[in-house]
Amino acid sequence: MTPSTKRLLLAACGVLALIIIAFAVYFIVFHYASTGGSGSTTPATESAGPSGPTPSPKILVIDRATILRQSAAGKDMIAQIDALTKSAEAEFKGEDQRLRSDAAAFQQQAAVLAPDVRAARTRDIQGRQQALQKRVQDRQNEIQAGVYKARKQIEDTLGPILEQIMAERQANFLFDRNAVVLGTVDVDITALAVQRLDQKLAKVKVELINPASLGQPMPAAAQPPAPQ
């Protein structure tokens, strides 16, 4: 077995079972939220007819990531993500450790093994490594699909709430706080949106879902990069 193969076997095995933890919360709570998710919560604004006067802009602002962190449904979703990722880590940890142990033992024995035996052992360890990596990736995708579905439930509930607030305040634009560079007045309705969302939806269900069952591809921002 070449030195590069040895490094591959030892380096890759040790991180496979932990990959899920880093991606699930970051992409859904921070990156995906800041990009606007599916876009379903931002009410469309009607432009004035060609013969009518242009209305004066009245702008409101929300912080999507804060809504997920502070709302009851968002907190519930994050807690379930954490439970699912810890469960996955525990499930894969034993197999990961066995694979690392077998790879280390093989390195010590490789020099005295017959070439055909050494080649067979190399294929076996590499095959197990690839199989474990696929299982980790599949589980990660199932978690992501489950979170996407739960997020959509929150988005679908939040949309009418935002529309109502806009109507109450006679606003015609709603921006995410990340899009605001500078402002001199407080037009942030995040806290009010959280309060009303809590009244409508306190819990969501995050479960393992086959991404294919969603009937549509998840947005690119919801898809984590594949393990290297």
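**Note on the predicted model: helix 6, the cores and the cavities**

1. The buried residues of helix 6 are Thr190, Leu192, Ala193, Val194, Arg196 and Leu197. The structure is a predicted model. Strand 1 (59-62), helix 3 and helix 5 are included in what covers these buried residues of helix 6.

2. Gln195 also belongs to helix 6, which spans residues 190-200. Gln195 counts as partly exposed because its relative accessibility is 46%, a value that falls between the 20% and 50% limits for buried and exposed. In sequence, Gln195 and Gln70 are separated by 125 residues, yet their C-alpha atoms are 9.5 Å apart in space.

3. The largest nonpolar core holds 27 residues, and among them Met77 and Ile154 touch the most other members. Strand 1, helix 3, helix 4, helix 5 and helix 6 are the elements that each give two or more residues to this core. Helix 5 makes the greatest contribution, with nine residues.

4. What surrounds Ile154 in the fold? Setting aside neighbours within four places in sequence, Ile154 is in contact with Leu68, Ala73, Gly74, Met77, Leu197, Leu201 and Val204. Of these partners, Leu197 is one of the buried residues of helix 6, and Met77 shares with Ile154 the distinction of touching the most other members of the largest core.

5. A second core, separate from the first, has ten residues, including Ala88, Phe92, Leu99 and Leu113.

6. Asp76 is placed in helix 4, which runs over residues 72-109. Is Asp76 buried or exposed? Asp76 is buried, because its relative accessible area of 17% is under the 20% limit. Beyond its neighbours within four places in sequence, Asp76 is in contact with Ala202, Lys203 and Val204. Val204 is likewise a contact of Ile154.

7. Two cavities of 30 Å³ or more are found when the whole structure is searched. The volume of the largest cavity is about 70 Å³. Its lining consists of Arg64, Ile67, Leu68, Arg151, Ile154, Glu155 and Leu158. Helix 3 (64-70) and helix 5 (115-168) are the elements that give two or more residues to that lining, and helix 5 supplies the largest share, four residues.

8. By class, the lining of the largest cavity comprises four nonpolar residues, three charged residues and no polar residues. Ile154 deserves mention again here: Ile154 lines the largest cavity and is also a member of the largest nonpolar core. Leu68, a contact of Ile154, is another of the lining residues.

How values were computed:
Residues numbered from 1 in each chain as written. Predicted model: local features only at pLDDT ≥ 70, side-chain atom pairs only at ≥ 80, totals over all residues. Heavy atoms only, no water. Buried < 20%, exposed > 50% of the residue type's maximum accessible area, 1.4 Å probe, protein only. Contact = heavy atoms within 4.5 Å. 1 Å grid on protein atoms, 1.4 Å probe; cavity = no way out; pocket = protein on both sides within 12 Å on 5 of 7 lines; lining within 4 Å. Points joined across faces, edges and corners; volume = space filled by probe spheres on them. Nonpolar A, V, L, I, M, F, W, Y, C, P; charged D, E, K, R; others polar. Core = buried A, V, L, I, M, F, W, Y, C linked by side-chain atoms within 4.5 Å.
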